[in-house]
Amino acid sequence: MSSETRAIDRPSPFPENEAALVALARAVRETGYGFTTVTPATHARVVARPGNAEARSLRDVFGWSRPFRPGLLPDGLVRLMEAAGALARDGDLLRATIRLSSLDDEVFAHSAYPPSAADAVFFGPDTMRFVSAVVAHLEGRAHPVRRAADLGCGSGAAGIAVAKRRPGAETVLVDINPAALRAARVNARLAGTEGVVTRRSDMLRDVEGDFDLIVSNPPFMIDASERAYRHGGGPLGAGLSLAVVEAAAERLAPRGSLVLFTGAAIVEGEDPFREAAGAACARAGLDWSYREFDPDEYGEELDDPAYGQVERIALVVLTATRP
């Protein structure tokens with residue numbers, strides 16, 4: 001390793017130099033870079049294959065989070081990584097501390113693999129599913145969106161998708177995690193979206209006003225490490241998802257809608273989250289619909305004793321509208 005390479009030993013979950021991160025991501029995007037982020041379980045299997053220990057390409061560095069030898073990347077790109085605080089030492093090798101993923105004709109920055117830090121910023125297949133559900137709602141929506149919120153925004157992908165399709169709206173990206181808000185700001189600048197603002201808030205407590213559209217993909221797993229992007233709390237991980245429904249019930253404008261993409265633990269053929277969320281919508285006078293987006297995901301989680309009574313985990317979309 002060159003003594004002139006300024007790599008850091010203990011990287012932040014998401015670096016703080018936002019302007020430099022934007023410049024880095026733009027430089028990578030201009031190479032024609034593209035990468036589809038997979039689940040951590042798939043990622044672990046792929047990188048464990050023989051010959052995959054070190055990076056051989058730009059996708060290996062910024063997609064698969066593989067360590068690389070000095071000289072693999074152009075000097076100008078390494079300097080951008082240094083300036084952004086996105087370069088770390090890995091023994092005699094170097095490693096990117098962020099990942100870049102492709103979605104909706106954009107590139108999104110988020111935390112490198114493995115996303116083990118408590119405040120890691122996660123972007124994965126559920127992000128892509130969530131965005132597709134939000135876009136489908138917008139395509140079928142008859143009423144205007146003047147103000148929207150992406151609640152628990154993470155990388156900001158869904159809120160940015162809204163802002164791209166409703167450029168006249170104010171879109172508020174809300175998260176309690178400062179690292180997520182940094183990532184969301186970087187990604188909004190990368191996408192060139194207007195009217196996007198970020199707010200640090202627990203649910204909507206520190207955000208004022210009502211919304212025509214609230215979208216959310218909250219954590220819904222039972223996670224013993226309680227990582228911010230993963231742990232849902234409450235009964236079978238449904239605590240945050242139910243809190244989103246309650247928050248939206250208080251803050252939706254007339255004809256405003258909530259699009260909630262989450263997971264539901266199915267027990268003896270019953271869906272306790274659907275029952276609780278439906279009751280919350282009924283109390284608030286909201287019209288609502290509910291569908292299983294995918295009936296069986298995260299089967300490996302069922303080995304956890306916390307899921308001892310669960311027969312499957314379904315990915316679901318709840319849409320609730322104030323009449």
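This report describes a seven-stranded sheet, the helices that pack on it and two cysteines in a predicted model.

Residues are numbered from 1 along each chain as its sequence is written. Because the model is predicted, local features need pLDDT of at least 70 and side-chain atom pairs count only at pLDDT 80 or more, whereas totals for chains, interfaces and linings use all residues, and side-chain values rest on heavy atoms, with hydrogens and water left out.

The sheet is open, and its seven strands follow the order 7-6-5-8-9-11-10 with mixed pairing; strands are DSSP runs of E with at least two residues, helices are runs of H or I with at least four, both numbered from the N terminus, and two strands pair if DSSP finds at least two bridges between them. Strand 7 (196-200) and strand 10 (287-297) form the edges, each pairing on one side only. From one strand to the next the twist averages 15 degrees. Strand 6 (residues 170-175) runs parallel to strand 7 and is joined to it by five bridges, and Val174 has Arg199 in strand 7 as its bridge partner.

Two helices are set out below, with angles taken from 0 to 180 degrees between N-to-C directions of axes fitted to C-alpha atoms, for helices over the stretch in contact, where contact means heavy atoms within 4.5 Å.

| Helix | Strands | Angle |
|---|---|---|
| Helix 7 (residues 178-191) | lies across strand 6 and strand 7 | about 175 degrees to strand 7 |
| Helix 8 (residues 239-251) | touches strand 5, strand 8, strand 9 and strand 11 | about 175 degrees with strand 9 |

The structure holds zero disulfides, a disulfide being a pair of cysteine sulfur atoms within 2.5 Å. Cys153 counts as buried because its relative accessibility is 7%, and Cys281 is buried at 0%, where buried means under 20% relative accessible area, exposed over 50% and partly exposed in between (1.4 Å probe, protein chains only).
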